[in-house]
Amino acid sequence: MQARKKYVLLALCACCWLLLFYWGGVQSRLLRLLSHQRGEDPPRPWPEWVDRALLPGYAGLEELQTPAGPGDSPRQRRQTWASIYRDSRCRMDTCFDFTRCQNARDGFRVYVYPPERGERVSESYRKILASVTESRYYTADPREACLFVLGIDTLDRDQLSSQFVPNVDERIRGYPLWNDGRNHLVFNLYSGTWPNYTEDLGFRVGQAILAKASLNSEHFRPGFDVSIPLFSRDHPQKGGERGWLLRNSVPPRRKYLLMFKGKRYLTGIGSDTRNALHHIHNGKDIVSLTTCRHGKDWEKHKDARCDHDNQEYERFDYQELLHNSTFCLVPRGRRLGSFRFLESLQAACIPVLLSNGWELPFSEVIQWNQAVIEGDERLLLQVPSTVRAVVIERVLAMRQRTQMLWEAYFSTVDKIVLTTLEIIKDRVFSHISRNKLMWNSLPGGLLVLPEYSTHLAHYPFYYLNLGLSPGQEFTAVIHATSPLVSQSQPIMKLLQVVSRSKYCSQIIIIWNSEKPPPHRSKWPPMPVPLIVTDGRKKTTSRFLPQAAIETEAVLSLDEDTVLLTSEVNFAFHVWRSFPERIVGYPPRSHFWDPVKQIWGYTSKWTNEYSIVLTGAAFYHRYYNHLFSHYLPHSLRALVDRTSNCEDILMNFLVSSVTHLPPIKVAQRKQYKELPSPQGTKMAPWANPEHFTQRQECVNTFASWFGYMPLVHSQFRLDPVLFKDHVSVLRKKYKDLERA
């Protein structure tokens with residue numbers, strides 16, 4: 001009986017629901033029909049989110065000023081983007097011809113289309129093209145090229161800009177090598193125009209790799225495109241300024257916790273974020289300043305806050321805020337990228353990003369979570385509490401990371417362009433590519449050439465991270481230029497001294513004399529292998545990456561060097577503690593001549609030095625590879641032509657990698673260069689032109705590097721008890737004081 005009642009009750013409920021649905025639907029249709037006949041709008045039971053008039057509690061049009069229209073909808077934007085990038089699914093495997101790189105000489109070569117007569121090229125694009133043509137990858141022969149770069153300036157594709165180049169689509173399709181953009185690299189900083197600033201470049205990219213600033217991650221083709229930073233036309237091509245973080249910057253927190261000072265857009269895209277920044281400004285530890293005083297018609301569009309904001313804006317100096325702030329807000333502008341990003345990195349002011357959807361520069365290789373804080377434009381009010389919660393240890397680590405990234409990849413246009421090329425090269429030759437640690441630790445990916453090795457333990461920079469120490473043997477490389485005419489020549493004694501070292505693995509003689517090398521029987525017997533190789537009468541041959549060198553340490557020696565075995569042993573012990581530096585004996589220095597406005601070179605013995613001559617010095621064998629494959633041919637040709645300056649160039653190279661000076665070790669006071677034996681060539685240092693050439697070399701090298709990488713030092717390492725008034729018998733390196 002009870003079960004029957006339950007079924008009856010359920011049936012009645014179902015009937016009621018059907019009646020309500022039927023009569024409600026009929027009434028709704030009748031109301032819609034009547035209102036349509038009267039010309040009235042149908043009633044809306046709930047306000048739509050786009051109807052801001054019905055939402056008075058939210059920001060109105062005066063504050064947000066985002067133009068609503070069909071062109072702004074996500075669907076319309078996707079359709080616009082799809083029409084521009086028809087090859088949106090391009091990947092290296094589908095849109096890149098690897099056979100061009102396999103057939104190219106030296107594997108990876110880049111060709112730049114010659115600019116047409118009367119071609120307008122902006123200063124920024126001129127720097128980009130110069131960086132490519134001056135790189136070790138450039139080729140003037142398109143048949144050798146693996147990658148092609150347009151000579152047409154494609155950086156600014158805003159049709160309202162004076163730098164805009166028209167008819168790009170027609171011109172590039174006329175190139176016989178264009179092939180729908182395959183194996184081409186297109187650089188771009190600005191795309192789209194007012195008011196929406198879409199991704200439109202004004203021409204079809206096709207299958208070309210896009211190296212673009214302000215890339216939206218939604219449109220980014222992973223593993224194919226390269227996101228680059230937005231940089232100004234004043235960004236230097238070479239050299240660049242160092243980061244602002246000093247080694248003694250403790251405590252890591254600064255006067256201001258968080259800062260921003262920049263434009264506020266009253267209308268158009270990008271105005272939402274910057275219009276809301278005043279909410280977090282407190283004038284004490286958080287300074288967030290905007291101004292609407294920019295553009296021609298700003299007074300016509302100014303709102304109620306403009307006058308107050310402009311007045312507050314003038315109270316603070318931007319450079320002072322950069323120098324004294326721990327975190328820097330980097331909100332989006334009209335486009336996703338901003339000049340503030342690079343400015344914050346250089347200032348060691350941790351960037352706090354407010355640019356939803358921005359694909360960060362070189363995100364394929366850089367671990368940005370170690371250097372920036374990514375905020376959300378919709379959660380602006382949470383930013384102050386977020387940065388206050390960052391512990392002081394992480395603040396210091398992030399600030400140090402900003403400096404590493406700035407100096408390794410962003411301080412010059414040259415580094416930005418070379419990083420782009422190296423990323424593409426790593427994709428092409430993935431079997432010999434850099435890993436993430438190489439990209440994200442000193443000295444950076446540009447100075448780690450994977451052709452040398454893909455193992456971290458083979459480089460001098462990673463011993464500490466890996467918990468390793470350098471090997472306990474070295475290879476001596478002696479540069480010989482004089483014919484062997486006597487058994488009493490300095491080189492004969494040098495061979496005996498070096499071979500007696502218990503750390504010596506082998507000795508290699510680079511024979512650069514005009515006469516052929518003597519027979520093996522002419523050389524003295526030694527306890528270690530002796531190899532004599534032809535230097536082809538090139539001074540740079542002493543730094544060639546010899547396959548015979550199996551040890552990590554290389555002892556570079558001139559044939560007339562005078563040393564003791566104990567001096568060699570002590571210097572080797574010191575080098576094992578500093579394997580990334582040059583460690584040796586004869587010091588030299590450089591200086592700036594304010595009268596002549598040039599760099600000078602001096603051999604005077606002072607308390608300060610910046611060069612250790614490689615006539616008697618230890619260094620890591622990786623620098624031989626870097627010397628031969630990283631430096632341009634023009635510098636090595638200069639050294640071979642003058643038979644001079646190779647030691648200075650090696651010091652420039654190592655100091656540019658480490659940003660540190662070489663290390664001088666203890667040396668006997670009575671050391672002096674001996675006169676050349678009768679019948680042999682005059683020593684180079686005795687030539688009157690020798691010193692003048694070295695002075696010119698210093699300025700030539702500094703010009704190529706774009707700055708002076710040599711670092712002065714007063715640091716010298718001596719053995720324990722060296723020159724102390726104790727018995728010589730108690731000292732480990734007795735010979736250093738007996739001589």
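Reply: Let's start with a term you'll need: a salt bridge here is a side-chain nitrogen of Lys or Arg within 4 Å of a carboxyl oxygen of Asp or Glu. Keep in mind that the model in front of you is predicted.

Me: Okay, how many salt bridges does the structure hold?

Reply: There are 24 of them. Take Asp141 and Arg143 as a case: their closest N and O atoms are 3.1 Å apart. Asp376 also pairs with Arg378, with 2.8 Å between the closest N and O atoms.

Me: Are Arg143 and Arg378 buried or exposed?

Reply: The cut-off for exposed is a relative accessible area over 50%. Arg143 has 71% relative accessibility, so Arg143 counts as exposed. Arg378 comes in at 70%, so Arg378 is exposed too.

Me: And what about the salt bridge between Asp718 and Arg716?

Reply: The closest N and O atoms of Asp718 and Arg716 are 2.8 Å apart. Between 20% and 50%, a residue is called partly exposed. Asp718, at 31%, is partly exposed, and Arg716, at 45%, is partly exposed as well. Some salt bridges share partners: Arg136, Glu422, Asp426 and Arg434 are joined that way into one network.

Me: Let me step back. What is the chain built from?

Reply: Count 24 helices and 21 strands. The chain has 739 residues, and 51% of them are buried. To read the fold, look at how far apart in sequence the contacting residues are. Of the contacts between residues at least 6 apart in sequence, 74% join residues at least 24 apart. On the outside, the chain exposes about 36900 Å², with carbon and sulfur atoms supplying 54% of that.

Me: Which residues of helix H12 are buried?

Reply: They are Arg340, Phe341, Leu342, Ser344, Leu345 and Gln346. H12 spans residues 339-346, and because 6 of its 8 residues are buried, this helix is largely enclosed by the rest of the structure.

Me: What covers the buried residues of H12?

Reply: The cover includes strands E6 (256-263), E8 (325-331) and E9 (350-354), along with helices H11 (318-323) and H14 (392-410). You can zoom in on a single residue, Ser344, which lies in H12. Its relative accessible area is 2%, so Ser344 is buried. Setting aside neighbours within four places in sequence, Ser344 is in contact with Cys328, Val330, Cys349 and Pro351.

Me: How do I read a pair of packed helices, say H21 and H23?

Reply: Start with the angle between their axes. An angle over 145 degrees counts as roughly antiparallel. H21 (residues 633-642) and H23 (residues 688-705) pack at about 175 degrees, with axes 11 Å apart. That is why H21 is described as roughly antiparallel to H23. On the H21 side the contact is made by Leu635, Leu638, Val639 and Thr642, and on the H23 side by Gln693, Cys697, Thr700, Phe701 and Trp704. Sorted by class, this contact has 6 nonpolar, 3 polar and no charged residues.

Me: Is there a general idea behind the spacing of contact residues along a helix?

Reply: An α-helix has 3.6 residues a turn, so residues three or four places apart point the same way.

Me: At what angle do H14 and H15 cross?

Reply: At roughly 80 degrees, and the axes of H14 and H15 (residues 413-428) come within 7 Å. This makes H14 roughly perpendicular to H15. Glu407, Ala408, Tyr409 and Phe410 of H14 meet Lys415, Ile416 and Thr419 of H15. By class, the H14 contact with H15 has 4 nonpolar, 1 polar and 2 charged residues.

Me: Last topic: backbone oddities. What should I expect as a baseline?

Reply: Most residues other than glycine have a negative phi, and most peptide bonds are trans.

Me: Where is the cis peptide bond, then?

Reply: Look between Leu442 and Pro443, where omega is about 5 degrees. Pro443 sits in the loop between helix H16 (436-439) and helix H17 (463-466).

Me: And what is the phi of Asn183 and of Ala348?

Reply: Asn183 has a positive phi of about 65 degrees, though it is not a glycine. Asn183 lies in the loop between helix H7 (168-173) and strand E3 (184-188), and at 1% relative accessibility it counts as buried. For Ala348, phi is near 55 degrees, also positive in a residue other than glycine. Ala348 takes you back to H12, since its loop runs between H12 and E9. At 0% relative accessibility, Ala348 counts as buried.

How values were computed: Residues are numbered from 1 along each chain as its sequence is written. Side-chain values use heavy atoms; hydrogens and water are left out. Axes are lines fitted to C-alpha atoms, for helices over the stretch in contact, and angles run from 0 to 180 degrees between N-to-C directions. Helices (H or I, at least four residues) and strands (E, at least two) are DSSP runs, numbered from the N terminus. Angles under 35 degrees count as roughly parallel, over 145 as roughly antiparallel, 65 to 115 as roughly perpendicular and the rest as oblique. Contact means heavy atoms within 4.5 Å. Ala, Val, Leu, Ile, Met, Phe, Trp, Tyr, Cys and Pro count as nonpolar, Asp, Glu, Lys and Arg as charged, and the others, Gly among them, as polar. Buried means under 20% relative accessible area, exposed over 50%, partly exposed in between (1.4 Å probe, protein chains only). Accessible areas come from the Shrake-Rupley method with a 1.4 Å probe; for residues, only the protein chains shown count as cover.
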